[in-house]
Amino acid sequence: QVIYIICLAAMYVPKAIGNERAPEILALPLGTPVWEACLKAWRAYRQLPAPKQTSRAFYTAVTGYARMPRGSFGGLEAMQDSPSYYMPRLYDGLLPFVMEQAERLPTLLDDPIQHPAKGQLPLLKHRGRVQSIVLGRELVLSLLANCFLLSIAPDYETRGKLNPIEQYYEQCQPDPRFHLLLSTQAPQEVAKLRMFMNYFERCQQAMPRGSLALYRYCRDQNLTMRQWEQSTKELKKVE
């Protein structure tokens, strides 16, 4: 679970160089035309007969609202072609479940158990103190489902030049999409993708319980970027 926690945490920590201009909250597409397009695409896919829920149908659904730079889901297909990683009910079982969990995001954000602060998700910007956020594991699942389905920032590269409604997501924030894992066929990347699919599969078998707490610690807050770049201090060991 360590990698998916790191992946989730990366969504909340603005890139250092853009930290000051990063927004106060994590921008989400809820309530925008792109979110409606996502819902329409996911529901259309889930309504297909099982034999027609294929790799091509899944690609068509996602690219109906998201820009896919590499043009295919070659990584997902490579995973299915591997005897070690093959999932028998991927397209007609697991992916519909992932879409259902992605759809739950607005409801979970307003659930006091899943998101004690309720509503918007604050970014962990450094302000000279420890910052933290607590998220219920079902909300974590929904956020990661949206990352997997490329629905948080579908037009990240152009920041709205192709799709004006995407301008709300600042590029000083990390790219939250899984498009590289979905498209890359390198063995190590396919293995990472299979790890996430295993996570979704386990959640399908039994919904996760409990919560995750993410913390950001900041030291030497008065140092400038140039001072950081010129520093010769050795990094401490990770405990």
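**E103, its partners, and the rest of the chain**

Let me start with one residue: E103 has a relative accessibility of 18%, so it counts as buried. The cut-off needed here is that buried means under 20% relative accessible area. I should say at once that what you see above is a predicted model.

What does the side chain of E103 meet in a salt bridge? The partner is R46, with 2.9 Å from N to O. E103 belongs to helix 5, residues 90-103, and R46 to helix 2, residues 33-46, so this pair ties together parts that are 57 residues apart in sequence. R46 itself is partly exposed, at a relative accessible area of 25%. A third residue joins in: R43, R46 and E103 are linked in a network of salt bridges.

Side chains of opposite charge can pair when their charged atoms come close. In this model the count comes to five salt bridges. One of them is formed by R104 and E138, whose closest N and O atoms are 2.8 Å apart. This pair also links distant parts of the chain: R104 sits in the loop between helix 5 and helix 6, and E138 in helix 7, residues 137-148, with their positions 34 residues apart in the numbering. R104 has a relative accessible area of 29%, so it is partly exposed.

Another salt bridge joins E189 and K192, where the closest N and O atoms are 3.2 Å apart. Both residues lie in helix 9, three residues apart, or about one turn of the helix. K192 is partly exposed, with a relative accessible area of 38%, while E189 is among the buried residues of helix 9.

Now to helix 9 itself, residues 187-205. At 1.5 Å a residue, its 19 residues should span 27 Å, and the end C-alpha atoms are 27 Å apart, which agrees. Its buried residues also include V190, L193, F196 and F200.

How do helix 5 and helix 9 sit relative to each other? Two packed helices are described by the angle between their axes and the distance between the axes. Here the axes of helix 5 and helix 9 come within 10 Å and cross at roughly 80 degrees. That makes helix 5 roughly perpendicular to helix 9. Helix 5 contributes L90, G93, L94, L95, F97 and V98 to the contact, and helix 9 contributes M197, F200, E201, C203 and Q204.

Next, the strands. Strand 1, residues 131-136, pairs with strand 2 in the antiparallel sense over six bridges. G136 stands opposite S211 in strand 2. Which side chains of strand 2, residues 211-216, are buried? L212, L214 and R216 point to one face and are buried, whereas S211, A213 and Y215 point to the other and are not.

One backbone detail concerns L150. This residue has a positive phi of about 65 degrees, although it is not a glycine. L150 is found in the loop between helix 7 and helix 8, and at 1% relative accessibility it counts as buried.

Finally, the whole chain. There are 10 helices and two strands, running from the N terminus as α-α-α-α-α-α-β-α-α-α-β-α. Of its 239 residues, 47% count as buried. Among contacts between residues at least 6 apart in sequence, 73% join residues at least 24 apart.

Terms used
Residues numbered from 1 in each chain as written. Predicted model: local features only at pLDDT ≥ 70, side-chain atom pairs only at ≥ 80, totals over all residues. Heavy atoms only, no water. Helix = DSSP H or I, 4+ residues; strand = E, 2+ residues; numbered from the N terminus. Expected span 1.5 Å × (residues − 1). Buried < 20%, exposed > 50% of the residue type's maximum accessible area, 1.4 Å probe, protein only. Pairing = 2+ DSSP bridges. Salt bridge = Lys/Arg side-chain N within 4 Å of Asp/Glu carboxyl O. Axes fitted to C-alpha atoms, helices over the stretch in contact; angles between N-to-C directions. Parallel < 35°, antiparallel > 145°, perpendicular 65-115°, else oblique. Contact = heavy atoms within 4.5 Å.
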